[in-house]
Amino acid sequence: MALVATVLGLVVVTFSMVRLIPGNPVLAVAGLTSTRAERIALTKEMGLNHPYFVQFGHYVNNLLHWNLGTSFADGQPVSQQISQEIGSSLVLAGVSLALVLIVAIPLGLVVAALTQEGRHPRIDMIFTGATSLFGSIPQFLLATFLAFIFAIWLKILPVAGFSPPVSSIILPAVSIALAPVAILSRLVRIETLNVLTQDYIRTARGKRLPTRIIYLRHVLPNVLTAALTLGGVIFAYIIAGAVIIENVFNRPGLGTGLIGAVQQNNYPVIQGIILVLGLIVVAVNVVVDLAVGFLDPRSLNRPNSGAAR
Amino acid sequence: MIRAILKAPGTIFALIVIAVLVGTMIVAPIVLNKDATGLNFSATSEGPNAMHWLGTDALGRDLLARLLVATRLSLGLAFLATLISAVLGLLLGGGVALLPARIRPIGLRFIDTLIAFPALIVAIFVGAIIGAGGKGATIGVGVAGSFYIARVMSALVLSSASRDYILAARILGVRRMRLLLRNILPNVADVLVIVVALGIANSIVFLAAMSFLGLGVQSPQFDWGQLLTEGVQQFYQAPLSALAPAIAIAISALAFGFAGEAVAKSLNPQLWTAMRSIKGPGAMLGTRASKILSQRIPTPSDEKEPALEVSNLSVQIPNKPSPIDIVTDISFVVAQGEMLGVVGESGSGKTTVANAISQLLPYPAKMNGTVKISGRDISTLTKDEFNQLLGTNVATVFQDPMSSLNPALRLDIQLTERAEVHQHIGRRQAREMAIANLKEVNLPAAEGQMRRYPHELSGGMRQRVMMAMGLMTRPALLIADEPTTALDVTIQAQIMDVLKEINQQHKMAIVLISHNLDLVGQNCDRILVMYAGRIVEELSREALSQPLHPYTQALLGALPDISESPDQPLVSIGGQVPDISNRPSGCAFHPRCPMAVERCTTEVPPLLPRRGGAVACWVANKDADNESA
Amino acid sequence: MNRLEVKDLVVRYGTGRHALTAVDKVNLVVPQGGALGVVGESGCGKSTLARAIMGLVPIVSGEILLDGVDFTTATSRNSREFRRRVQMVFQDPYASLNPRMNVGSAISQAAALRGVVGRKERRAAVLHALELVGLDEVVLARYPHQFSGGQRQRIAIARALAVQPEVIIADEITSALDVSVQATILNLLKGLEKDTGVSLIVISHDLSVVRYMSDQVAVMYLGEVVEYANALDLFERPQHPYTKALMKSIPKLGAVRQKAPLTGDLPDPRDPPSGCRFHTRCPMGPLHFPDRTICQEVDPQAIAHERIHLAACHFSAPSESASATRSEELFVTTKTAQYDSKEEGHDMESL
C-alpha cells in the first residue's frame with residue numbers, strides 16, 4: 001500500500017541524508033584538527049566503513065529497537081532527547097489545531113450564509129480582504145508583531161518560556177493558528193457557497209424546511225468532507241509553524257531541538273527529529289483519509305446498480 | 001487581456017510596489033553600501049532620528065540603509081528559489097502527466113505524498129544537507145516549492161488533455177509537441193502565472209524564515225530575515241529594528257500575492273463571481289406592452305378552487321440602468337387534477353416560471369404579480385403560513401436526478417423530513433408513509449432502499465424517489481421541470497407512467513415543463529408555449545396539431561417525425577433564440593417569423609382568447625377578427 | 001462499394017472481473033455516399049464505437065476497413081492518412097472548440113492536415129469550408145464564446161469538412177441544441193451528404209433524428225447490435241423487441257397514451273445478463289414466458305444472421321420468407337398484460 005511506501009521512503013531519505021552531505025562527514029564532525037587515528041576511530045564508530053546496504057540495515061534495525069542514534073553534542077540517546085521534547089510540541093500543535101477548527105468552521109459557515117447569491121457584497125469584501133491579509137502573514141512575523149503588541153507594549157502576556165502554563169501558550173498558539181484560520185475559513189466559505197448552489201439544497205428549500213435543519217443536516221455534512229481533505233495540509237502547516245514559533249518564543253521542544261541540531265551539524269538528532277516529524281505527518285494524513293472515507297459514502301466506491309454510462 | 005488585468009484596482013497598487021522593490025533591489029546596494037555596512041560605534045542602537053530615519057543597530061549601522069540594501073538578497077534569492085521551484089515542478093508535473101496511463105496514478109500519488117510534508121521542514125532538511133548559508137537555503141526553498149507546482153502542473157495538463165477540443169485536435173493529426181504548445185499551454189498559462197507569483201511571495205517568506213532561524217544567509221551577508229533576528233535581539237530597546245524588516249517582508253509578500261490574485265480574477269472571472277454578469281441595458285419591452293393587460297384565459301370550468309392561479313406574473317433582475325425582464329405578463333390557471341404543459345426552448349423563461357411558482361427564485365430576482373395556490377394568495381401569508389402552504393401543497397421534481405438528492409444523507413431522512421416538519425408526524429409513521437409512497441412510484445424493494453444513499457440508485461430510480469418525496473404531504477400541485485430530459489427514452493416512458501398515475505390517483509395538478517413538444521403534447525391536457533419570456537400560445541391537446549402561432553407551427557415542423565417520410569426537409573427557423581438582455585422590440589419572434597408585418601416590430605401582441613385557447617400574434621389574431629365578423 | 005466496414009469489433013476497458021466490454025463483436029457497414037445511423041440508449045456503446053473507429057480508444061479485436069484496406073492497428077488509425085479520410089464532430093459544442101483559438105486558426109489546423117500549404121491557400125480552404133456551412137468570413141477572427149451553440153456546431157462541422165474526409169462521424173451532434181436549431185444542423189448535414197458525397201455515421205439516442213438522417217440503421221443495446229436493416233424497413237417493420245419497445249417509448253404528439261413497454265433499469269454494463277442481454281426486461285422473454293429459458297442461456301448474436309434485419313432474438317422472424325407466416329404465431333403476445341393486442345395490432349399487421 002501507499003502508506004508503506006511512504007514510510008519506507010521517509011526512512012531511506014533520512015538515512016541518506018548523511019551520505020548526501022557534500023564533503024566528508026567524518027571531517028565535518030571531527031574537525032580539521034583531528035588526527036588520522038581519531039578520524040579512523042570515528043569512522044568506525046559512525047559505522048561509515050561498512051557498505052551502504054549494511055549501514056542501512058543497521059539503521060533500520062536500530063529504528064525498530066527505538067534506537068535513533070546518539071547525539072553528537074551531549075552523547076545522549078536521540079530517542080531520549082526526542083521523548084523529552086515531543087510533549088510540549090504536541091501540546092502546542094494540539095492547542096493550535098483546536099483553535100483553528102473551533103474558529104474557522106463556524107466562521108466560514110456564517111459568512112457563507114450571509115454572502116450567498118451575491119448578498120451583502122460588503123461583507124464579502126471585508127472577509128476576503130481580511131483572510132487574504134491574515135492568510136499571507138508568515139507565522140514568525142505575526143509572532144513578532146503580536147509579541148510586540150501584547151508582551152512589550154501592552155505587557156499583558158508573557159513572551160517566553162512555559163510559565164504561567166495557560167497564558168504563555170496563547171501567543172504562540174495564536175501565531176500558529178491565525179493563518180490556517182484565515183485559509184480554512186475561506187475554504188469553508190467557498191465550499192458552503194458551492195453546496196448552497198447545489199440542486200439538493202434547492203430541493204430542501206422547496207420542502208420549506210426550517211433554516212436550522214437545512215444548514216445542519218443538509219449543508220454541514222457536505223462541507224465537512226471537503227474541509228477535511230484540507231485537514232492534512234493544515235496539520236502540516238501547524239507542525240511547520242510549531243517548529244518556528246518554538247524558536248521565537250523560546251519554548252523548548254522538537255522545534256528548538258531541530259534548529260539547534262542543524263546549527264551544530266548534529267546529524268543523528270536531525271535525522272531523528274525529521275523522521276519523527278515525518279511519521280507524525282503520515283499518521284495524521286492516514287487518519288484524515290479514513291475520516292473522509294467514513295463521512296463520504298461515495299468514496300467507498302460501491303458499485304452502482306444499473307447506472308450505465 | 002492586459003487591459004483587464006490593469007483594471008482591477010488592487011493590481012495597480014501591487015504593481016507599483018513591485019516596481020519599487022525591484023528598483024531598490026538594483027540600486028540600493030550600489031548607493032548605500034557604505035552606510036549599510038560601515039561600523040560606527042558612536043551611534044549604536046539609536047532610535048529613529050534625523051540622521052538615521054529608522055535608527056541604528058547594535059553596531060551603529062544605519063537601519064534604513066541596511067533594510068534597503070538587504071532587498072537585493074531577499075528578493076534575488078526568492079526569485080532564484082522560485083525559478084528552481086518552477087523548473088523542477090514543471091519537469092516533475094509534466095513528466096508525470098505524460099507517463100503512460102498505467103503508471104500515472106502512482107506518479108500522482110507520489111506527488112501528493114510529497115506535498116503532505118510541511119514545506120518548511122523539507123526546506124530545512126535540504127538546507128541542512130547542503131550546509132547553512134544562502135545557497136543551501138535557496139535550494140531548500142526551491143525544492144520545497146516545486147512539489148506544489150508539480151501538482152498543479154500535472155492536474156492542469158491532465159484535465160486539458162481529456163477535453164473535447166484536445167481530442168478534436170488529435171484527430172486533426174496535430175502532433176504531440178504542437179498539441180502541448182499551441183493547444184494546451186494557452187489554456188493553462190494563466191494559472192501558471194498565478195502559481196509563479198504566489199511562489200515568489202512564498203519564497204520571500206520562507207527564505208526570511210530560514211535566515212531568521214539562522215539557516216539562511218550568514219554574516220556578514222544580510223537579508224531581511226537576518227535583520228529580523230538582529231532586531232529581535234534588541235527588541236526591548238529598539239523595537240523598530242525588528243518591526244522594520246518584518247514589515248518589509250510582509251509588504252513584498254503581499255504585493256506579489258495580490259498581483260497574482262488580481263491576474264487570476266481578471267483572466268478567469270467565473271472563479272470569483274457568484275452570478276453571471278449581464279451586459280448591456282435591460283431590453284425595454286415597450287411601455288405600451290406593459291400597459292396591455294392580458295385577459296384571463298377561459299379554462300375548462302371547475303367549480304372548485306383551481307390548484308394554481310397565476311396572474312400578471314413577471315420576474316425581473318435588478319440591473320443598471322434598468323432591470324432586465326426575464327418573464328412578463330404570465331397568466332394562467334391550473335385546475336385541480338389537471339395536467340398543464342409548458343413548452344419552450346432555452347431563454348423562453350419556462351424554468352423561471354417554475355421557480356416563481358414554487359418560490360425558489362435565485363437571489364436578486366424579483367417577482368411581481370399574483371400567485372395563488374389552492375386559492376390562497378401567497379403574498380398575503382405570514383412567514384409560517386407560507387412555509388406551511390408551500391411545504392405541504394407544492395411539490396417539485398427537477399431535471400437532474402443525479403444532483404437533486406443530498407449525497408451525504410440516506411434516503412429515509414430525505415423522504416420523511418417534509419412530513420415530519422410540516423405535518424408534525426412522528427418518525428415512525430413518516431417512514432411507513434415513505435415506504436408506501438415508494439411502492440406507489442414503482443420503486444422496487446422499497447423497504448430496503450430506505451437505508452441507501454442516492455449514489456447507489458440509477459437516474460430513473462432517483463426521479464421516482466423525488467416523486468415519492470413530493471407525495472408525502474399529498475400536495476395539490478406538482479411542478480415537474482424537465483423531469484425526464486436526463487433519462488433514457490425507455491426510462492422516460494416509465495417515469496411518465498408514474499406521473500400520470502399520480503395525476504389520476506391523487507387528483508394532483510401537474511405543471512410539466514419541457515422543451516420536448518411531443519412529450520408535452522402526448523401527456524398534458526393543455527399546453528402553454530413560451531418564447532422569450534412570454535406566453536405566445538395556449539392550446540388544448542387536441543388543437544396542438546393545428547397551432548395558430550407561427551412559432552408553434554415552426555416548432556412542430558422542426559421536429560423530425562418517426563412516422564413521416566424523411567424526404568421532407570425539416571422546417572428550420574433561421575436565427576437563434578434572443579439573449580435575455582437583448583430581446584427584439586415588439587413581438588420577440590419577429591426577426592425569425594415568416595409572417596411578420598410592420599406592427600410586429602413595434603408593438604407586443606396581446607394574448608387573446610382563440611378557439612378555446614389563446615394566441616399572441618398580430619397576424620394570427622387578425623384572422624380572428626375576420627372569423628368573428 | 002462500402003466506404004467503411006467494421007468487423008467483429010471488440011472494445012474493452014479494464015481487465016479481469018470488472019472489465020467493461022463497451023463494444024462486443026459489432027459488425028457495421030457504411031455505404032459510400034450514404035448514412036449509417038447508430039441508435040441506442042446510454043451504455044449501449046455507440047459513442048465508444050465512434051471513438052474506437054477514430055482511434056481515440058484502443059481496440060481489443062476485430063477489424064476496421066476503409067475502402068477495403070485494413071486500418072485496424074492503432075498506428076494506422078492515428079496516421080495522417082486515416083485522419084485525412086475519417087473525421088468526427090462531437091456532441092458538446094461548448095467543449096469541442098478550443099476557447100483560446102479563433103475560428104480561423106481552428107479550421108486552418110484542419111486544412112493543414114489535408115496538406116494545404118501557404119497562407120493564401122489555407123485561407124481559401126477555410127473560407128470554402130465555412131461557406132459550405134453557411135458562415136462567412138467575419139467569423140474568422142472571432143472566438144468560440146462569441147457564438148451560439150448551433151453556430152459552434154456549424155464551425156465544428158466546417159472544421160471536419162476542411163479536411164475533405166470521406167466519412168464524417170456525427171456523435172450526438174444535436175443533443176445539446178434547441179429544437180429549432182437542431183433542424184438547421186440536420187438539414188445542413190443532409191445537404192452536405194448529397195453535395196459532397198461524404199458518407200455519414202449518425203449516432204444518436206433520438207430515433208427520429210436517426211430516421212431522418214439514415215439510409216441504414218443499427219440498433220445497439222449493451223454493446224451489441226440487436227437489429228440492423230435499412231431505415232425504411234426498420235421503422236416500418238421492427239423485428240427486435242428492444243427496437244419495438246424503443247419506438248413505443250417515444251412520446252408522440254396527440255397519440256393515445258400507452259403504458260411504458262419496458263420495466264426495470266438498464267443492467268450494469270460491467271456485469272451484463274447471461275445469454276441474451278435484453279432478457280431481463282424483454283416483453284417476449286422469460287419474464288413473461290417462463291419457458292423461454294433459451295434467452296437466459298444462449299446469446300442470440302449467434303443466430304442473428306438467420307433472422308430478418310439480423311435481429312438478435314430467438315423469437316423474431318427467420319429470414320426465409322416461407323417460414324415467416326408460421327413464426328408469427330410464435331411471438332403473438334396477447335398473453336402479456338403489457339401488450340394489449342389491439343395496440344400491438346399496428347405492428348403485427350405490417351408484418
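Is C:His309 buried or exposed? The model in front of you is a predicted one, and this residue makes a handy place to start. With 24 C-beta neighbours inside 10 Å, C:His309 is buried, because 20 or more such neighbours are enough to earn that label. If you want to find it by eye, go to the loop of chain C that runs between α11 (294-297) and α12 (324-328). The backbone there is worth a look too: C:His309 isn't a glycine, yet its phi is positive, at about 60°.

Chain C has another residue of this kind to show you. C:Lys25, again not a glycine, has a positive phi of about 50°. Its setting is a strand, β2 of chain C, which covers residues 20-31. What about its surroundings: how many C-beta neighbours does C:Lys25 have inside 10 Å? The count is 16, so C:Lys25 goes down as partly exposed.

Now let's move to where chain C meets chain B. On the chain C side, 55 residues take part, and they are in contact with 54 residues of chain B. Several elements of chain C put two or more residues into this contact: the helices α3 (80-85), α4 (103-114), α7 (179-196), α8 (207-213) and α10 (241-249), along with the strand β6 (86-89). Which of them gives the largest share? That would be α7(C), with 8 residues. As for chemistry, the side of chain C that touches chain B is made up of 28 nonpolar, 16 polar and 11 charged residues.

Cross over to chain B itself. Its 629 residues include 51% that count as buried, and its secondary structure adds up to 22 helices and 12 strands. If you take the contacts in chain B with a separation of 6 or more, 67% of them join residues 24 or more positions apart.

Chain B splits into three pieces: domain 1 spans 2-271, domain 2 spans 308-531, and domain 3 is put together from 543-561 and 569-629. Follow the pair formed by domain 2 and domain 3 of chain B. Measuring over C-alpha atoms isn't needed by hand here, as the computed distance between the centres of these two domains is 29 Å. Where they touch, 11 residues of domain 2 of chain B are in contact with 13 residues of domain 3 of chain B. On the domain 2 side, β2 (324-334), α19 (517-523) and β9 (526-531) of chain B each bring at least two residues. By class, that side of domain 2 of chain B has 6 nonpolar, 3 polar and 2 charged residues.

While you're in chain B, have a look at helix α12, residues 350-357. This helix is mostly covered, with 7 of its 8 residues buried. The buried ones are B:Lys350, B:Thr352, B:Val353, B:Ala354, B:Asn355, B:Ala356 and B:Ile357. Just past the end of α12(B), B:Gln359 takes a positive phi of about 55°.

The last stop is chain A. Here A:Leu220 sits in helix α10, which covers residues 211-229. A:Leu220 counts as partly exposed, because its C-beta neighbours inside 10 Å come to 16. From A:Leu220, look along the chain to A:Tyr237, 17 residues away: the C-alpha atoms of the two are separated by 24 Å.

How values were computed. Residues numbered from 1 in each chain as written. Chains lettered and ligands numbered in written order. Predicted model: local features only at pLDDT ≥ 70, side-chain atom pairs only at ≥ 80, totals over all residues. Contact = placed C-beta atoms within 7 Å. Helix = DSSP H or I, 4+ residues; strand = E, 2+ residues; numbered from the N terminus. Nonpolar A, V, L, I, M, F, W, Y, C, P; charged D, E, K, R; others polar. Buried ≥ 20, exposed ≤ 12 C-beta atoms within 10 Å, placed from the backbone. Domains from an automatic or database assignment.
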